[in-house]
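I opened this notebook to keep track of what I looked up, strand by strand and contact by contact. The structure comes first, and my entries follow.

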Amino acid sequence: MMACAATSVGFTIPQLLRGTGRIFPTHSALVVLRHSAFCYCTVNGTTKSKRKMDHLERTANNFRQEMISQAKVCGISNESETVKRLRLAITNKDFTFKAGQWVDFFIPGVSVVGGFSICSSPGLLERDGILELAVKHAVHPPAHWIHTECTLDSEVALRVGGDFFFDPQPGDPPVKLVLIAGGVGINPLFAILLHIADLHEYQESKGYGYKIGTVKLYYSAKNTNELLFKKNILGLMNAFPGKITCRFHVTQQSSQICKELQPYVTEGRISEEDLEKHVSKDTLWYICGPPPMIESISKLLANIGVSRDCVFFEKWW
């Protein structure tokens, strides 16, 4: 549900409450921030505590924009039986993000701040002023609100953060990417995949811009029903044959796999053998999923000689 890279805990109240000279948070957003900061200070967020850390604590040392922007829900759909996909209209023209980053999610009347990875591309925001999130049902108050109370035209506030992203510049050397997702950890990697598609389209139409190498997505879930964005991913493979490829892995499939997906599905976990064929000096590895999966894949990559400098990850808790 909430994403954060492996960071240590600790922030100061002035840092948390810092505003922006151009756009000020709404009153409700400021109340949420202050309440969250107060809870942090009074409960004592030490690593010895058995209390589960919240999103603001876990990401305290991550990069954050100062600006908090209002957003309005303009679309709600079921991405799966347990995941809702939100479309949010952003009116603030200064709002930007990089593919792979997350947002602090402020809800009027809800004291807990959510943290959700963006699953749409920066290009969609630039073209249409739209940002998308895919949120799994949970008892955590922000996720619970999205699944039970959020409606069209609901208003929230967002602030971008995160150090996990892919944002190449036109003069950068081309690289190959391997994206490895577990469960709902697909969100930031799907945003990166969509951004890569935008880079391909720009380069093909203009004849210049960043030229990306091949991209391979490995995506593991319990069964095909829990594979999010699968139709979109198949569409990207068809639109960019040989440039974008994907292998779905399912670990607890009990029903028959549909014909459309069969050529792309492997039953079983992502293996060392799957990954070693992609090892090269110009390959970057992006991983997002639950902590045990991150640790398992990291060990596999170390075993096949991948440098730690080429591996980037985001843990979902």
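The entries below go from strand pairing to salt bridges and then to aromatic rings.

**Entry 1: the model.** I note at the outset that I am working with a predicted model.

**Entry 2: strand β10 and its neighbours.** I began with strand β10, residues 244-250, and found that 5 of its 7 residues are buried, which leaves the strand mostly covered. I then looked up its partners: strand β9, residues 215-221, pairs with β10 in the parallel sense over 7 bridges, and strand β11, residues 265-267, also runs parallel to β10, joined to it by 3 bridges. Phe248 of β10 served as my reference point, since Tyr219 stands opposite Phe248 and Phe248 in turn stands opposite Val265 in β11. Following the chain from β9 through helix α7, residues 230-239, to β10, I recorded a right-handed β-α-β unit.

**Entry 3: salt bridges.** How many salt bridges does a search of the whole structure find? The search gives 8, and I examined several of them one at a time.

The side chains of Asp104 and Arg159 meet with an N to O distance of 2.9 Å. Asp104 belongs to strand β4, residues 102-106, and Arg159 to strand β7, residues 155-161, so this salt bridge ties together parts that are 55 residues apart in sequence. Are the two partners buried or exposed? I had the cut-off of under 20% relative accessible area for buried in mind: Asp104 is buried because its value is 0%, and Arg159 also counts as buried because its relative accessibility is 3%.

For Arg127 and Asp198, I noted a salt bridge at 3.6 Å, N to O. This pair links distant parts of the chain, with Arg127 in helix α4 (residues 122-128) and Asp198 in helix α6 (residues 186-206), 71 residues apart. Here the two ends fall in separate classes: Arg127 is exposed at 52% relative accessible area, whereas Asp198 is buried at 18%.

Lys243 forms a salt bridge with Glu204, and I recorded 2.8 Å between the closest N and O atoms. Lys243 sits in the loop between α7 and β10, while Glu204 is in helix α6, 39 residues apart. With 32% relative accessibility, Lys243 counts as partly exposed, and Glu204, at 47% relative accessible area, is partly exposed as well.

I also wrote down a network of salt bridges that links Glu79, Arg85, Arg87 and Glu132.

**Entry 4: aromatic rings.** My count of aromatic pairs comes to 8. Why is the pair of Phe166 and Tyr286 called edge-to-face? The ring centres of Phe166 and Tyr286 are 6.1 Å apart and the planes stand at 80 degrees, so the pair is edge-to-face, the cut-off for that class being over 60 degrees. Phe166 lies in the loop between β7 and β8 and Tyr286 in strand β12, residues 283-289, so the contact ties together parts 120 residues apart in sequence. Phe166 counts as buried at 4% relative accessibility, and Tyr286 is buried with a relative accessible area of 4%. Widening the view, I found that ring pairs link Phe164, Phe166, Tyr286 and Phe312 into a cluster.

**Entry 5: a charge over a ring.** My last look-up was Lys216, whose charged end sits over the ring of Tyr218, 5.4 Å from the ring centre.

How values were computed:
Residues numbered from 1 in each chain as written. Predicted model: local features only at pLDDT ≥ 70, side-chain atom pairs only at ≥ 80, totals over all residues. Heavy atoms only, no water. Buried < 20%, exposed > 50% of the residue type's maximum accessible area, 1.4 Å probe, protein only. Helix = DSSP H or I, 4+ residues; strand = E, 2+ residues; numbered from the N terminus. Pairing = 2+ DSSP bridges. Right-handed = clockwise from strand over helix to strand, strands pointing away. Salt bridge = Lys/Arg side-chain N within 4 Å of Asp/Glu carboxyl O. Phe/Tyr/Trp six-rings, centres within 6.5 Å; stacked < 30°, edge-to-face > 60°. Lys NZ or Arg CZ within 6 Å of the ring centre and 35° of its normal.
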